[in-house]
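Me: I'm new to this structure and would like to learn how to read it. Could you take me through a few features, one at a time?

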Amino acid sequence: MTTETETDVFEEHRPVLLGVAYRMLGRVADAEDVVQEAWLRWSGADRSEVREPRAYLVRITTRLAIDRLRQVKARGETYVGPWLPEPYVTDFGDTVQDTAERAVLADSVSLAVLVVLESLSPLERAVFVLREAFGYPYAEIAAMLERGEAAVRQLAGRARKHVDERRPRYEVDPVQRRDLTERFLAAAAEGDLEGLMSLLAPDVRLVGDSGGKAKAPLRVLETADKVGRFLVGAARRGDVPDVSFHFLEVNGGPALLVRSGDKPDSVFQLDVLDGRIQSVYIVRNPDKLRSLATV
C-alpha cells in the first residue's frame, strides 16, 4: 500500500511527466495513459534505491512513451486527411518565471514543432524532447535511454537539424498572436474577405484536421486567396449551429475554441510572422476535442 508521501512525490512531478509524454506522443489521452502506467511502476518500485525521484520518473515515462510510439508505427495506422496534435491546454502561469525558459517550453509544445516531431524516430524524438524542451544533459539522457553519450549526441544533432529545416518560422509573442486572432475571428465571422486577406501572408497555409469525422479540407490549402475564400465560405454557410467563441491558451499560445452549444466543435490557432498570419491550424476531429469539453 502506497503512503501519502509517495503519492505526493509523484504528484509533484506529474506536470513534467505529462509534458514529456505529450511532446513524445502528441495525444493527451495517450500521454495520460503513459503517466498512469508510470505511477503503477512507481508505486510498486523499491524506492530505497531511488536517489533522484524526478530523474527516475522521467526515465520511466520516456521509455513507456517510446514503446507506445513504436507500437503505433508498427501498426502502420492510417489517418484521413492532414494530422495535427491533439490540442493541449497550457498555462505556465507562475510555474515558469524565466521568460526565456517559458519561450522554450512554448516552442517545444507548439503545433508546428509537434507536426515535425512526428517524422522523427522514437529515439530521436525522445532525445530532442529531453534536451531541447527540458534541458537535460547528454549524460543523463544517455543513462535514461541506456545508450552511450556519443550516440545520444549524434541523435540530438540529427533531430535538431531535421526540426530546424522543416519547421515554419513564426513569432511567439502572445500579445501579437492574440490581437491577430481576434481580428481574424472578426473578419471571418463577418464574411469580410478583404479584411481577412489583409491579415494573411501571400503564402499562408491552412491545415485542417478532421480525421474524416467532421468537415475540414482533406488537403492543405495554400495561398491567401484559397484560404480566405474557404474561411469566408464556411462562415457564410453557418456550418456550426448555436456557435460561441472562447479564447484559451493551447500548445503554448493563444487559440480560439469554437463551441456548438455546450460541445467543443473546433480549435483554431495561428502562426504569425512579421505581423501576418503564416499558418492557420484547425482541429475538428471530435476525438481530439474531448479533453476540452469542460474548459
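Me: Which helices each supply at least two residues of the lining of the largest pocket?

Reply: Happy to start there, and please keep in mind that this is a predicted model. First the general idea: rolling a probe the size of a water molecule over the atoms shows where empty space is left. In this structure, α2 (28-43) and α3 (53-75) each supply at least two residues of the lining of the largest pocket. Of these, α3 gives the most, with 5 residues.

Me: What volume does the largest pocket have, and which residues lie nearest its centre?

Reply: Its volume is about 630 Å³. The lining comprises 24 residues, and Arg27, Glu77, Tyr79, Trp83 and Lys288 are the ones nearest the centre. Sorted by class, the lining has 6 nonpolar, 5 polar and 13 charged residues.

Me: Now the sheet, please. In what order do its strands come?

Reply: The general idea again comes first: strands of a sheet pair through backbone hydrogen bonds, either parallel or antiparallel. Here, 6 strands make an open sheet with mixed pairing, and the order is β2-β1-β6-β5-β4-β3. The edges are β2 (221-222) and β3 (243-250); each has a single partner strand, so one side of each is left without a neighbour in the sheet.

Me: How many bridges join β3 to β4?

Reply: There are 8 bridges between β3 and β4 (residues 253-260), and the two strands run antiparallel. You can follow one pair by eye: Ser244 has Arg259 in β4 as its bridge partner. The hairpin of these strands has 2 residues between them, and Asn251 takes a positive phi near 50 degrees there.

Me: Which helices should I look for beside the sheet?

Reply: Try helix α9 (residues 174-189), which packs on the sheet and touches β3, β4, β5 (263-273) and β6 (276-283). The direction of α9 makes about 120 degrees with that of β5. Then find helix α11 (residues 224-237), which lies across β1 (200-209), β2, β5 and β6 and runs at about 50 degrees to β1.

Me: And how do I read two helices packed together? At what angle do α7 and α8 pack?

Reply: Look at the angle between the axes and how far apart the axes are. Helix α7 (residues 138-145) and helix α8 (residues 149-166) pack at about 105 degrees, with axes 9 Å apart. Angles of 65 to 115 degrees count as roughly perpendicular, and α7 and α8 are therefore roughly perpendicular to each other. On the α7 side, Tyr138, Ala139, Ile141 and Ala142 meet residues of α8 including Glu149 and Val152. By class, this contact has 6 nonpolar, no polar and 3 charged residues.

Me: What about α6 and α8: how far apart are their axes?

Reply: Helix α6 (residues 122-133) and α8 have axes 8 Å apart and pack at an angle of about 85 degrees. That makes α6 roughly perpendicular to α8. Among the residues making the contact are Leu123 and Phe128 of α6 and Leu155 and Val163 of α8. The contact divides into 8 nonpolar, no polar and 5 charged residues.

Me: One loop residue to finish: where does Lys213 lie, and what does Lys213 touch?

Reply: Lys213 is in the loop between β1 and β2. Leaving out residues up to four places away in sequence, Lys213 touches Asn285, Pro286 and Asp287.

Technical notes
Residues numbered from 1 in each chain as written. Predicted model: local features only at pLDDT ≥ 70, side-chain atom pairs only at ≥ 80, totals over all residues. Heavy atoms only, no water. Pairing = 2+ DSSP bridges. Helix = DSSP H or I, 4+ residues; strand = E, 2+ residues; numbered from the N terminus. Contact = heavy atoms within 4.5 Å. Axes fitted to C-alpha atoms, helices over the stretch in contact; angles between N-to-C directions. Parallel < 35°, antiparallel > 145°, perpendicular 65-115°, else oblique. Nonpolar A, V, L, I, M, F, W, Y, C, P; charged D, E, K, R; others polar. 1 Å grid on protein atoms, 1.4 Å probe; cavity = no way out; pocket = protein on both sides within 12 Å on 5 of 7 lines; lining within 4 Å. Points joined across faces, edges and corners; volume = space filled by probe spheres on them.
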